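Please go through the salt bridges of the model shown here, working from the burial of the partners to the contacts that they make.

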Amino acid sequence: MWRRRQNRAEEAVRAEGEQAASALAAHLRTGGRLVPVEAAGVPLAVGETALADVSCWAARFYGTDVVYPRSTGGYYENHPTFGQQWVPNPLDARRQQEAEAAAEQQWRDHTPARLVLTSAGVRLRPVGSSTWMPFDHCLLTGLTAGPGELVLSYSVCAPLLIGGPAAPWLGVAIEHLRQAG
């Protein structure tokens, strides 16, 4: 019962986000513009204006090095044809497969964050961090919107996944800034 109510609430929030994105798109098509907002605590460059200040969750898409503990276990086997040979611990092969799977490129570092959309780019500060991560519009190579998610691809860093109710609205706003710039 609780899960059903939670799903309905999530769907309602997602629908509101989609409606806000549609309203913004219509507003911008008829000559409207994005209105600056106050974003306290965000270091902005001269001439840079904040256009949105929202809470979201974010993740990055990248792979890592394969690291796994190797055992020194194994044994020598006396084979009738090949003679004595070392037989490695079968757990090492499983550990290596698991480590390779974990190291493949995937969405990592899922975290809630504060996102400030500015005239120059996206400024992201993960919860618990004091550092703002800049993602400038001039380096944006792709934007893919999904239901409740937005993937931003950049020429110099790993893609950024933004999720939450504001994602559809942010997608429309970023695409507008990208085309205008």
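Q: Are Arg-123 and Glu-48 buried or exposed in this predicted model?
A: A residue counts as buried when its relative accessible area is under 20%. Arg-123 has a relative accessibility of 9% and therefore falls in that class. Glu-48 shares this assignment, and the word for Arg-123 and Glu-48 is buried.

Q: How far apart are the closest N and O atoms of the salt bridge between Arg-123 and Glu-48?
A: Arg-123 belongs to strand E5 (residues 121–126), whereas Glu-48 sits in the loop between helix H1 (2–29) and strand E1 (50–62), so that the pair links distant parts of the chain, 75 residues apart. The closest N and O atoms of this salt bridge are separated by 2.8 Å.

Q: Which residues are joined into one network by salt bridges that share partners?
A: Asp-136 forms a salt bridge with Arg-123, with 2.9 Å between the closest N and O atoms. Because Asp-136 lies in strand E6 (residues 133–136) and Arg-123 in strand E5, this pair ties together parts that are 13 residues apart in sequence. Arg-123 also forms a salt bridge with Glu-48, and the network made through shared partners consists of Glu-48, Arg-123 and Asp-136.

Q: Which residue forms a salt bridge with Asp-53?
A: Asp-53, at 32% relative accessibility, counts as partly exposed. Asp-53 is located in strand E1 and its partner in strand E4 (residues 106–118), so the pair ties together parts that are 61 residues apart in sequence. With the closest N and O atoms 2.7 Å apart, the partner of Asp-53 is Arg-114.

Technical notes
Residues numbered from 1 in each chain as written. Predicted model: local features only at pLDDT ≥ 70, side-chain atom pairs only at ≥ 80, totals over all residues. Heavy atoms only, no water. Salt bridge = Lys/Arg side-chain N within 4 Å of Asp/Glu carboxyl O. Helix = DSSP H or I, 4+ residues; strand = E, 2+ residues; numbered from the N terminus. Buried < 20%, exposed > 50% of the residue type's maximum accessible area, 1.4 Å probe, protein only.
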